Amino acid sequence: MPDFLLESQHGGLVAGVDEVGRGPLAGPVVAAALIFSAAPTQALAQGLDDSKKLSAPKREALYAALRADPTVTLALGAASVDEIARYNILHASHIAMRRALARLAVRPALALIDGNRVPDGLCCPAEAVIGGDGLSLSIAGASIAAKVVRDRLMVRLAQRHGGYAWERNAGYGTAAHLAGMKNLGVSPHHRTDFAPVRACIAAREVIAA
């Protein structure tokens, strides 16, 4: 379970940073940066974990608790499907992280970045933490915030682009999503540089020809 040790080892405010949405075939990648100005309450700390290990209702409840906590400073950033195509998904993820950190209301003394790479051009010093969402409470909180916000966005996109089941799969390549691409083609929110999307485009071009 994550704890507050990595944050407490450093002087000054420490931001946890994580992103969600590298793997989907559609939608942006979203990052969050989160600062606890004091150690979170035991009740909150016991609930925080890697967002992938939590149910959707649990993530929603924890996100609401984070937003209501006066010790929490939170900011979000995203990179669009156009930026993913232009820069590749890794660099687009780093763009989203830079934006999230830059939008914090206070500048941290240090950022803890989930993963094995530190993005260039951050507004503060940073350290990479492999598996950080299972080690650091601020990274875990950031992962939950990014996941909830991105999932909500995909539900809204599903209302405008039906047939891909984004409200259930958040843009990941499930059977329902792939079937929707086969039947409907791709939308403006699909990542055209991802192999299944490229294959769909090519197959429909062959049929049209």
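This is a chat about a predicted model, its sheet, its aromatic pairs and its largest pocket.

Trainee: What should I know before I start?

Mentor: This is a predicted model, where local features need pLDDT of at least 70, side-chain atom pairs count only at pLDDT 80 or more, and totals for chains, interfaces and linings use all residues. Residues are numbered from 1 along each chain as its sequence is written, and side-chain values use heavy atoms, with hydrogens and water left out.

Trainee: OK, the sheet. What is the strand order?

Mentor: The order is 3-2-1-4-5, in an open sheet of five strands with mixed pairing. Strands are DSSP runs of E, at least two residues, and helices are runs of H or I, at least four, numbered from the N terminus. Two strands pair if DSSP finds at least two bridges between them.

Trainee: Which are the edge strands?

Mentor: Strand 3 and strand 5 (126-129), as each pairs on one side only. The twist from one strand to the next averages 20 degrees.

Trainee: How many bridges join strand 1 to strand 2?

Mentor: Six, and the two run antiparallel. Strand 1 covers residues 14-20. One bridge partner to note: Val-20 goes with Val-30 in strand 2.

Trainee: And strand 2 with strand 3, parallel or antiparallel?

Mentor: Antiparallel, over eight bridges. Strand 3 spans residues 72-79. There, Thr-73 is the bridge partner of Ile-35.

Trainee: What about strand 1 and strand 4, parallel or antiparallel?

Mentor: Parallel, with four bridges. Strand 4 is residues 110-114. Val-17 has Ile-113 as its bridge partner there.

Trainee: Back to strand 2. Is it buried or exposed?

Mentor: Eight of the eight residues of strand 2 (residues 29-36) are buried, so the strand is largely enclosed by the rest of the structure. Buried means under 20% relative accessible area, exposed over 50%, and partly exposed in between, with a 1.4 Å probe and protein chains only. Both faces are covered. Val-29, Ala-31, Ala-33 and Ile-35 are buried on one side. Val-30, Ala-32, Leu-34 and Phe-36 are buried on the other.

Trainee: Which strands does helix 5 lie across?

Mentor: Strand 1, strand 2, strand 3 and strand 4. Helix 5 (residues 89-102) runs at about 145 degrees to strand 3. Axes are lines fitted to C-alpha atoms, for helices over the stretch in contact, and angles run from 0 to 180 degrees between N-to-C directions. Contact means heavy atoms within 4.5 Å.

Trainee: And helix 6, at what angle to strand 1?

Mentor: About 35 degrees. Helix 6 (residues 137-160) lies across strand 1, strand 2, strand 3, strand 4 and strand 5.

Trainee: New topic. How many aromatic pairs are there?

Mentor: The count comes to two. The rule is that rings of Phe, Tyr and Trp (its six-membered ring) pair if their centres lie within 6.5 Å; planes under 30 degrees apart count as stacked, over 60 as edge-to-face and the rest as tilted. Phe-4 and Phe-36 have ring centres 6.3 Å apart and planes at 75 degrees, so that pair is edge-to-face. The pair links distant parts of the chain, 32 residues apart: Phe-4 sits in the segment before helix 1 (5-8), and Phe-36 in strand 2.

Trainee: And the other pair?

Mentor: Tyr-164 and Trp-166 are stacked, 5.0 Å centre to centre with 15 degrees between the planes. Tyr-164 is buried at 4%, and Trp-166 is buried at 1%.

Trainee: Any pockets? How much space lies in the largest?

Mentor: About 200 Å³. A pocket is an open set of points on a 1 Å grid over the protein atoms alone, where a 1.4 Å probe fits, with protein on both sides within 12 Å along at least five of seven lines; lining residues have an atom within 4 Å of a point. The volume is the space filled by probe spheres set on the points, which are joined across faces, edges and corners.

Trainee: What supplies the largest share of the lining?

Mentor: Strand 1, with three residues. The lining residues include Asp-18, Lys-52, Asp-114, Asp-133 and Tyr-172.

Trainee: Where is Asp-133?

Mentor: In the loop between strand 5 and helix 6. Asp-133 is buried, at 7% relative accessibility. Leaving out residues up to four places away in sequence, Asp-133 touches several residues, among them Asp-18, Lys-52, Asp-114 and Ser-143.
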